[in-house]
Amino acid sequence: MTPTIKLSAKLDGNVADIKSLMFHPMETGSRIDPDTGNTIPAHHITQLIFTNNGKTVMVANFSTAVSKNPFFGFSFEGASAGDILKASWVDNLGETDEIETRLA
Amino acid sequence: MKIARRMIIKSSLALLALASLPRLLMAAAWPQKSFSSSAASEALTALLGTDVTTPSDKIELKVPEIAENGAVVPVTIRTSLENVESISVVVKNNPRPMAATFEIPPGTLPRIATRIKMGETSDVMAVIKTGNGIYSASSEVKVTIGGCGG
């Protein structure tokens with residue numbers, strides 16, 4: 001699968017500032033396809049989890065009200081250069097993707 | 001007598017096996033009930049056990065006064081409150097008000113930034129659960145073109 005997560009991780013002392021952009025349609029399930037007149041089924045990321053060296057540093061629970069191609073930013077302490085930051089998401093259809101980066 | 005003893009040993013072994021299962025889930029389950037609630041109070045109660053929050057000026061909620069595009073409304077929440085456990089975003093007039101909720105483990109800073117959909121002009125509320133209570137801050141966002149689709 002083409003990578004669907006873009007991660008930016010900036011280390012400032014022992015604080016890591018993380019910005020993530022996911023490519024995902026985030027369909028609410030209420031939108032009507034203008035061509036067919038059918039309702040487009042819900043298809044959205046449900047959970048986005050970040051770990052740093054295996055330790056969970058954020059769990060984001062999304063409803064269908066998070067915008068298409070979700071952006072999400074947060075920060076955590078106790079980070080060091082060389083740490084492995086991993087972001088992974090799962091959606092309501094069971095699709096998943098993940099990406100790793102090394103803090104620098 | 002023999003059968004009873006065997007049963008006791010069997011069930012304790014079974015219990016032991018269950019207890020030593022690795023923790024497969026690193027996060028709380030996705031809050032389905034809260035996300036499908038059509039009223040803010042119901043959504044909050046489903047998530048936090050109550051819809052009662054204490055307004056706090058220690059919460060900085062940044063949202064635009066006017067959202068040109070209801071499909072992409074930036075929201076930033078920070079707080080100086082301590083022992084933050086979760087941050088939630090509630091859009092009162094959305095068909096399903098609970099937009100997102102974030103679990104903040106110890107060591108993670110109590111701030112988030114994301115973008116949400118708003119169907120119409122509404123109060124956007126940041127709800128922050130801490131070790132010593134549930135706090136909130138609210139701000140109205142005027143929406144010119146609704147962003148829920150359809």
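Two residues count as being in contact here if their C-beta atoms, placed from the backbone, lie within 7 Å. Keep that cut-off in mind as we walk through this predicted model, starting where the two chains meet.

The contact between the chains draws 27 residues from chain A and 30 residues from chain B. On the chain B side, strand S6 (98-103) and strand S7 (108-116) each supply at least two of the residues that touch chain A. S7(B) gives the most, with 8 residues. If you sort this side of chain B by class, you find 18 nonpolar, 7 polar and 5 charged residues.

The meeting of the chains also involves strand pairing. Strand S4 of chain A, residues 55-62, pairs with S6(B) in the antiparallel sense, over 4 bridges. For a spot to look at on screen, try A:Asn61, which stands opposite B:Thr101 in S6(B).

Now let us step back to chain B as a whole. It has 3 helices and 9 strands, and their order is easy to follow: from the N terminus on, the elements run α-α-α-β-β-β-β-β-β-β-β-β. Of the 150 residues in chain B, 35% are buried. Among the contacts in chain B with a separation of 6 or more, 66% are between residues 24 or more positions apart.

S6(B) deserves a second visit, this time from inside its own chain. The strand is mostly covered, with 5 of its 6 residues buried. While S4 of chain A pairs with S6(B), S5(B) is also joined to S6(B), by 5 bridges, and these two strands run antiparallel. Together S5(B) and S6(B) form a hairpin, with 6 residues between them. Within this pairing, B:Val89 stands opposite B:Ala100 in S6(B).

S6 of chain B turns up once more when we look at helix H3 of chain B, residues 40-48. Which residues of this helix are buried? They are B:Ala40, B:Ala43, B:Leu44 and B:Leu47. Seen down the axis of H3(B), these buried residues fall within an arc of 95 degrees, so they line one face of the helix. The spacing fits a general rule: an α-helix has 3.6 residues a turn, so residues three or four places apart point the same way. What covers the buried residues of H3(B) includes helix H2 (32-36), strand S5 (84-91), S6 and strand S8 (122-130), which belong to chain B. Just after H3(B) comes B:Gly49, with a positive phi of about 90 degrees.

Note on methods. Residues numbered from 1 in each chain as written. Chains lettered and ligands numbered in written order. Predicted model: local features only at pLDDT ≥ 70, side-chain atom pairs only at ≥ 80, totals over all residues. Nonpolar A, V, L, I, M, F, W, Y, C, P; charged D, E, K, R; others polar. Pairing = 2+ DSSP bridges. Buried ≥ 20, exposed ≤ 12 C-beta atoms within 10 Å, placed from the backbone. Arc of directions from axis to C-beta.
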